[in-house]
Amino acid sequence: MREVILGHDGDSVVYSVPDEVANNLRKYCMDFCDKWIWNDPNAKKYRIVDEDGEICVAYCAEDFIEYLNDWVFPNQPSVFVKNLGWTECGRKLPLEYKNYPIFHF
């Protein structure tokens with residue numbers, strides 16, 4: 001397990017995730033938000049029909065962690081480690097986190 005930083009419209013949060021995810025963070029995040037969210041029946045709760053009848057999606061970093069835990073790595077659960085607070089999309093991270101893999105949804 002390795003630590004990564006995830007965020008969305010707010011705080012940057014450190015999570016401990018399987019090494020495979022940390023080593024390929026962008027791939028796993030993009031698979032989640034570009035493929036799984038739109039196509040998998042298990043992701044239906046993230047799809048919303050707006051007032052014009054268009055389908056849009058709404059999700060956050062915590063939803064990505066839930067996806068990893070429920071569908072991708074159920075035997076290696078990812079866990080919350082620390083909330084770093086607002087970091088301007090990861091640009092103003094504390095020095096000890098500068099080399100962590102990072103993804104903002």
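# Exercises on a predicted model

In helix H2, the residues Leu25, Tyr28, Cys29, Asp31, Phe32, Cys33, Trp36 and Ile37 are buried. The structure is a predicted model, and the exercises below start from this helix before turning to the strands.

## Exercise 1: the course of helix H2

Task: Work out how the end-to-end reach of H2 compares with the expected value, and find at which residue H2 bends.

Solution. Begin with the length: H2 has 15 residues, and from its first C-alpha to its last it reaches 20 Å, which is close to the 21 Å expected at 1.5 Å a residue. Next, follow the axis along the helix, where a bend of about 35° is found at phenylalanine 32. Phenylalanine 32 is also among the buried residues of H2.

## Exercise 2: the salt bridges

Task: Find the salt bridges of the whole structure, and decide which of them share partners.

Solution. Step one is the count, and a search of the whole structure finds three salt bridges.

Step two takes the pairs in helix H2. The side chains of lysine 27 and aspartate 31 meet in a salt bridge with an N to O distance of 2.8 Å, and both residues lie in H2, four residues apart, which is about one turn of the helix. Aspartate 31 also forms a salt bridge with lysine 35, where the closest N and O atoms are 3.4 Å apart. Lysine 35 and aspartate 31 are separated by about one helical turn, because they are four residues apart in H2.

Step three takes the remaining pair, in which lysine 45 forms a salt bridge with glutamate 66, with the closest N and O atoms 2.7 Å apart. Since lysine 45 lies in the loop between H2 and strand E3 while glutamate 66 lies in helix H3, this pair ties together parts that are 21 residues apart in sequence.

Step four looks for shared partners, and here Lys27, Asp31 and Lys35 are joined into one network.

## Exercise 3: buried or exposed?

Task: Classify aspartate 31, lysine 27, lysine 45 and glutamate 66 as buried, partly exposed or exposed.

Solution. The cut-offs needed are that buried means under 20% relative accessible area and exposed means over 50%, with partly exposed in between. Aspartate 31 has a relative accessible area of 18%, and is therefore buried. Lysine 27, at 45%, is partly exposed. Lysine 45 has a relative accessibility of 58%, so this residue counts as exposed, whereas glutamate 66, at 32%, is partly exposed.

## Exercise 4: the neighbours of strands E1 and E2

Task: Determine which strands pair with E1 and with E2, and in which sense they run.

Solution. First take the two strands together: E1 (residues 2-7) and E2 (residues 11-17) pair in the antiparallel sense over six bridges. Within this pairing, glutamate 3 has serine 16 as its bridge partner in E2, and leucine 6 stands opposite valine 13.

Then look for another partner of E1, and strand E6 (residues 102-104) is found to pair with E1 in the parallel sense over three bridges. In E6, the bridge partner of leucine 6 is phenylalanine 103.

For E2, six bridges join this strand to E5 (residues 79-86), and the two run antiparallel. Here aspartate 11 stands opposite tryptophan 86 in E5. Finally, consider the surroundings of E2: six of its seven residues are buried, so the strand is largely enclosed by the rest of the structure.

## Exercise 5: an unusual backbone angle

Task: Locate aspartate 9, and state what is notable about its phi angle.

Solution. Aspartate 9 is placed in the loop between E1 and E2, whose hairpin has three residues between the strands. As background, most residues other than glycine have a negative phi. Aspartate 9 is not a glycine, yet has a positive phi of about 40°. With 80% relative accessibility, aspartate 9 counts as exposed.

## Exercise 6: a nonpolar patch

Task: Name the residues that make the nonpolar surface patch, and place isoleucine 55 in its strand.

Solution. The patch, of about 300 Å², is made by Trp38, Val49 and Ile55. Isoleucine 55 belongs to strand E4, which covers residues 55-57.

Conventions:
Residues are numbered from 1 along each chain as its sequence is written. This is a predicted model: local features need pLDDT of at least 70, side-chain atom pairs count only at pLDDT 80 or more; totals for chains, interfaces and linings use all residues. Side-chain values use heavy atoms; hydrogens and water are left out. Patches are made of residues with over 30% relative accessible area and no salt bridge: like charges are joined within 9 Å, nonpolar side chains (Val, Leu, Ile, Met, Phe, Trp, Tyr) within 5 Å. Accessible areas come from the Shrake-Rupley method with a 1.4 Å probe; for residues, only the protein chains shown count as cover. A salt bridge is a side-chain nitrogen of Lys or Arg within 4 Å of a carboxyl oxygen of Asp or Glu. Buried means under 20% relative accessible area, exposed over 50%, partly exposed in between (1.4 Å probe, protein chains only). Two strands pair if DSSP finds at least two bridges between them. The expected span of a helix is 1.5 Å times one less than its number of residues. The bend at a residue is the angle between axes fitted to the seven residues ending there and the seven starting there.
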